[in-house]
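Let's take a friendly walk through this protein structure together. Have the picture ready and follow along.

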Amino acid sequence: MTERTKRLRQESLDAAPVLTAERAVLMTEFYQANEGKYSVPVMRARSFMHLCRNKAIWLGDEELIVGERGPRPKVVPTYPELTCHSSEDLRILDTRPKTSYGVSDECIKAYEEKVIPYWRGRSMRDRIFPALPAQWLAAYEAGLFTEFMEQRAPGHTVLDDKIYRKGLLGFKRDIAESMASLDWLSDHDAHSKREQLAAMDISCDALILFARRHAELALDMAAEEKDPARKAELKRIADVCSHVPANAPRDFHEALQYYWFCHLAVITELNGWDAFSPGHLDQHLLGFYNKGIADGSLTPEAARELVEAFFVKFNNHPAPPKVGVTAAESGTYTDFANINIGGLLADGSDGSNEISHMLLDVVEDMHLLQPSNNVQLSAKSPDALLTAALKVIRKGYGLPSVFNADAVVQEQLRQGKTLADARAGGCSGCVETGAFGKEAYILTGYFNMPKVLELALHDGVDPRTGKQLGPRTGPAGSFASFDDLFAAFRKQMSHFIDVKMRGNHIIEHMYATMMPAPFLSVITDDCIKSGKDYNSGGARYNNSYIQFVGIGSLTDSLTAISKAAFDDKSVGLAELVAALDADFAGNEQLRQRLVNRMPKYGNDDDYADAIMVRAFEMLFDEVDGRPNGKGGCYRIEMLPTTVHVYFGSVTGAAADGRKARLPLSEGISPVQGADRKGPTAVVRSAGKMDHLKTGGALLNMKFTPSLLADQAGLEKLAHLVRGYFKMDGHHMQFNVVKAEALREAQAHPETHRDLIVRVAGYSDYFCDLSVELQEEIITRTEHAAF
Amino acid sequence: MESGLVLNIQRYSIHDGPGIRTTVFLKGCPLTCWWCPNPESQCAGREVIVVETRCVRCGRCREVCPVEQLPAPGGDGVRAAPAACTLCGACVEACPTGAAQMAGTAMTAAEVIAEVRRDRIFYDESGGGVTISGGEPLMQPAFVKALLKACRAGGIATAVDTSGYGSREQLLEIAKLTDLFLYDIKLMDPASHASYTGASNEGILDNLRALGQVHSNIWVRIPLVPGINDSPAELDAAAELIRQIKGVQQVNLLAYHDTAAHKFERLGRPYRVSDISAPTPWQMDQAAERMRKFGLNVKTGG
């Protein structure tokens with residue numbers, strides 16, 4: 001890190017997240033003044049223009065990459081057109097102990113006087129819930145599933161290389177061409193396409209204007225600046241911001257700044273999930289880097305400082321605050337921007353380069369919460385890339401995670417993408433596979449599988465509330481065999497998947513018609529060509545995902561039932577369910593037996609693993625290939641973020657010996673502490689799942705530092721990763737930290753604020769996690785040296 | 001089909017030879033080293049042991065035991081296996097937490113190999129394989145040979161971790177099936193060796209000399225126990241011997257650690273090196289440096 005980076009980094013770390021009503025007030029003004037004048041997409045684009053023209057802009061001391069979503073770093077806007085916070089919500093955000101956001105009295109006043117009176121009843125959240133069927137609401141309240149779009153917009157997307165070749169003026173020409181070729185005679189959608197394209201055009205102008213405002217500010221500041229070096233930098237910034245995003249970038253600095261303006265546009269236009277990501281940054285930057293080095297305009301040190309400045313920008317942008325269940329499923333400041341390192345080139349050759357190693361160095365040096373980073377490891381990737389990544393991983397920040405680039409390609413080919421598009425794709429958010437710059441891959445919600453098993457054991461009744469939520473599939477005592485029970489479980493799964501999808505279709509349609517994303521559509525193929533929005537099927541690929549949670553807990557519960565109730569007949573199923581209903585009160589021996597004496601997933605135990613595979617294949621069959629409303633299909637993913645804690649809290653005691661309300665297993669990891677045969681056994685169990693049928697499956701491994709202390713330890717871990725990937729494993733991530741260190745941090749959070757741990761698909765500050773999640777992370781099996 | 005008594009099959013062993021390995025620990029050892037890290041491997045028969053940290057004092061073991069009297073109601077404390085234990089396994093089966101364990105499982109070579117094969121993808125990836133350890137493999141030579149043959153037939157690299165105490169004839173036969181030997185030297189001074197390990201080192205050192213004539217890939221491992229075998233005289237004598245054995249490729253100095261203390265306690269045996277602390281990294285480096293002066297390739301750690 002340069003001295004400048006150190007200061008910028010420290011400022012970013014020291015600033016506490018604060019909420020601003022600026023965006024909400026500007027949007028309210030614009031909508032009040034213009035409601036009804038324009039089509040929906042044009043209204044959205046013009047409101048975006050209003051923001052770009054009027055929001056306060058920021059250019060901090062010493063900054064090289066410029067632009068903030070809020071009026072200054074770490075100041076977070078709100079999106080009342082999506083979620084209109086109440087004054088009560090705002091006060092809670094201000095005072096809640098974890099992931100709080102400072103809220104001033106002025107902010108609350110602005111909300112009470114301007115924002116709430118207009119948006120209450122008009123926001124998406126206010127309109128979505130009344131539109132959903134009673135069955136959906138009952139299942140949602142019971143914790144069967146969550147819903148991503150009830151308070152944030154569809155997002156989960158990543159940019160490809162298109163902006164490095166074309167400026168927004170070029171995209172405007174494409175838009176004009178598309179508009180000119182509309183078929184007004186026989187295409188009944190021609191008008192809506194024209195409106196959509198007009199909106200895209202306006203959104204380009206808006207971002208160019210936003211950049212020019214920065215150029216003007218930089219020139220004004222340069223005029224006042226006494227220090228000649230800084231004066232030159234400010235002039236350079238003005239030059240950069242005058243050139244991009246209107247035109248294609250000419251150099252390394254402009255490439256980074258162009259991306260950053262696009263990033264800000266996407267996260268300002270709407271509050272999409274997972275912010276936005278630059279994708280294969282190392283591949284995108286290489287040409288600019290080589291050119292700069294060759295013509296002498298860039299040094300490796302200067303390039304690195306620009307990358308550092310770029311990283312600070314991500315860290316300046318905490319996720320907009322979430323409310324309700326969504327805050328529980330994703331309680332973090334992280335907004336899941338995720339940079340891909342390595343991977344493959346379009347021709348299938350190794351895509352790692354000099355910049356890949358520079359990025360890893362920056363990750364290690366800066367260890368910021370954001371952006372997340374991952375290494376895309378192909379069989380063609382050099383060992384040096386993996387070793388460099390593991391050297392960062394062993395520092396214990398939980399970064400980077402490691403993905404199987406070859407599996408990521410195969411997953412996409414299975415979904416019908418072209419080879420070139422699949423190779424240009426990668427992973428974003430936590431572990432989600434997508435075709436970068438060409439796909440709306442929408443995560444629709446988490447799905448609580450152990451809860452569904454609980455219903456199957458109670459004839460469709462939720463024992464927590466006594467409500468009949470699912471179909472009547474018979475009481476526990478009525479199952480004559482494990483197959484009978486499994487059939488009931490499948491029936492319940494099928495039912496709730498249908499309930500979830502019906503809700504998805506309603507919400508999807510509401511976003512398509514009410515909340516288009518014109519700027520995101522400009523930079524996502526083939527929205528311009530098709531004249532359709534990102535939110536209404538304009539992208540080349542449109543996969544919708546349901547993310548299934550708790551396969552470890554589910555497997556161990558089903559396994560215990562199969563073994564104890566049907567094979568050994570050591571306990572009747574009805575008797576077992578009665579013990580679960582009593583949360584094992586007076587039955588600790590039974591619980592101990594279930595915890596300790598049953599086959600468990602994660603131990604390469606064929607009995608348990610076969611049940612895992614059976615459950616996995618069942619849910620794949622129930623979901624994969626079913627059509628969504630955008631011309632795409634439903635797919636499955638296996639990831640939890642932090643929802644396994646919330647889902648556990650609504651799920652009673654289970655046959656795996658888990659007591660009521662405790663967290664479920666996360667991702668495809670074994671139940672916390674159930675894996676007792678070491679990491680190869682975990683990996684072998686996880687590898688029996690066919691990852692190529694998913695769009696991502698998350699495996700968390702925890703190692704003590706001693707296991708990775710020397711070169712030999714690192715190499716053996718590298719072999720473990722390679723072995724897993726040979727088995728088509730999708731992803732692996734590592735917590736390298738001792739349980740004692742976590743306990744110490746729990747006891748003295750004030751001195752361990754910087755302790756970053758891998759949670760589930762992302763890293764977070766340990767001290768910011770809920771106590772339940774802290775406990776859960778400590779309990780995850782620590783793989784010590786043998 | 002050959003069968004043997006197996007204590008444990010440990011996967012992702014990364015300190016028992018190159019790469020990622022599966023270590024098969026056999027039960028039974030002729031030595032009784034004071035610092036033995038696996039004292040439960042010493043006895044050549046099965047034993048019931050109770051892991052006290054997992055015991056919830058539920059009393060099920062006493063209820064099902066055919067030998068022991070039922071306890072007084074409310075009896076607490078961890079139960080040790082009764083002196084007249086018949087190894088019927090009722091308590092192990094009844095124990096809900098897995099605290100009561102049968103140390104030692106009779107397994108056929110095929111069963112062991114099936115387990116070993118599971119991590120084959122990692123052996124291939126890492127240059128690892130199987131390590132047969134103990135206990136002392138030379139106590140079950142026919143079984144060891146069957147295991148090694150099966151591994152060879154399956155293309156799995158083999159290592160044998162031995163104290164060297166046993167039949168020379170068997171050792172040399174095993175050598176024909178073994179890619180790598182991990183050969184322990186505990187002490188050079190015969191009297192000390194006898195008192196700390198319960199046996200003479202004469203045969204061990206002669207076996208090493210004989211093995212070194214026919215096998216070219218031997219790693220000598222010395223557990224460095226401060227105050228017992230780290231004196232200059234000990235180190236020099238070991239180095240001088242090893243220097244003369246041409247099959248030795250490297251020497252590994254392994255740091256003694258006291259994690260086995262609770263295992264001795266669990267077995268009701270005295271832990272006689274409780275006053276010794278683990279060597280410091282500096283002590284390890286000093287010892288390694290001293291032995292390197294004899295021209296040896298010395299490493300610290302596995």
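A salt bridge is counted here when a side-chain nitrogen of Lys or Arg lies within 4 Å of a carboxyl oxygen of Asp or Glu. With that rule in hand, look at A:Asp604 and B:Arg11: the closest N and O atoms of this pair are 2.6 Å apart, so the two residues form a salt bridge. Please keep in mind that you are looking at a predicted model.

That pair links two chains, so where chain A meets chain B is a good place to begin. How many salt bridges does the rule find across the interface of chain A and chain B? There are six. Polar contacts can be counted too, and between chain A and chain B they amount to 16 residue pairs, with both residues at pLDDT 80 or more. On the chain A side, helix H25 (588-596), helix H28 (679-687) and helix H29 (711-726) each supply at least two of the residues that touch chain B. Which of them gives the most? It is H29(A), with eight residues. Sorted by character, the residues of chain A that touch chain B are 10 nonpolar, seven polar and 11 charged.

Now let's look at the interface as a whole. In total, 28 residues of chain A are in contact with 28 residues of chain B. The size of an interface is often given as the accessible area lost when the parts come together. For chain A and chain B, about 2,500 Å² is buried between them, and 54% of that lies on carbon and sulfur atoms.

Next, turn to a sheet inside chain A. Four strands make up an open sheet, in the order E8-E11-E12-E13, and their pairing is parallel. Why do E8 (442-448) and E13 (694-697) of chain A each have one side without a neighbour in the sheet? These two strands stand at the edges and each has a single partner strand, so one side of each is left free of a neighbour in the sheet. From one strand to the next, the twist averages 25°. Follow E8(A) to its partner E11 (residues 544-549) of chain A, and you will find five bridges between the two, in the parallel sense. One place to look is A:Phe447, whose bridge partner in E11(A) is A:Phe548. Helix H20 (residues 482-514) of chain A packs on this sheet, where it touches E8, E11 and strand E12 (634-638) of chain A. The direction of H20(A) makes about 150° with that of E8(A).

Chain B has a sheet to explore as well. Here nine strands form an open sheet in the order E5-E1-E2-E6-E7-E8-E9-E10-E11, and the pairing is mixed. At the edges stand E5 (105-108) and E11 (298-300) of chain B, each with a single partner strand, so one side of each lacks a neighbour in the sheet. The twist in this sheet averages 30° from one strand to the next. Within it, E2 (residues 21-26) and E6 (residues 129-133) of chain B run parallel and are joined by five bridges. There, B:Arg21 stands opposite B:Gly129 in E6(B).

Finally, let's visit some details of the backbone. Most residues other than glycine have a negative phi, and most peptide bonds are trans. In chain A, the peptide bond from A:Gln370 to A:Pro371 is cis, with omega near -5°. You can find A:Pro371 in the loop between helix H15 (354-366) and strand E4 (372-377) of chain A. A cis peptide bond also joins A:Asp525 and A:Asp526, with omega about -5°. As for phi, A:Asp459 has a positive value of about 55° although it is not a glycine.

Definitions and conventions:
Residues numbered from 1 in each chain as written. Chains lettered and ligands numbered in written order. Predicted model: local features only at pLDDT ≥ 70, side-chain atom pairs only at ≥ 80, totals over all residues. Heavy atoms only, no water. Pairing = 2+ DSSP bridges. Axes fitted to C-alpha atoms, helices over the stretch in contact; angles between N-to-C directions. Contact = heavy atoms within 4.5 Å. Buried area = accessible area lost by both parts, 1.4 Å probe. Polar contact = N/O pair within 3.5 Å; in protein donor to acceptor, adjacent residues only side chain to side chain. Nonpolar A, V, L, I, M, F, W, Y, C, P; charged D, E, K, R; others polar.
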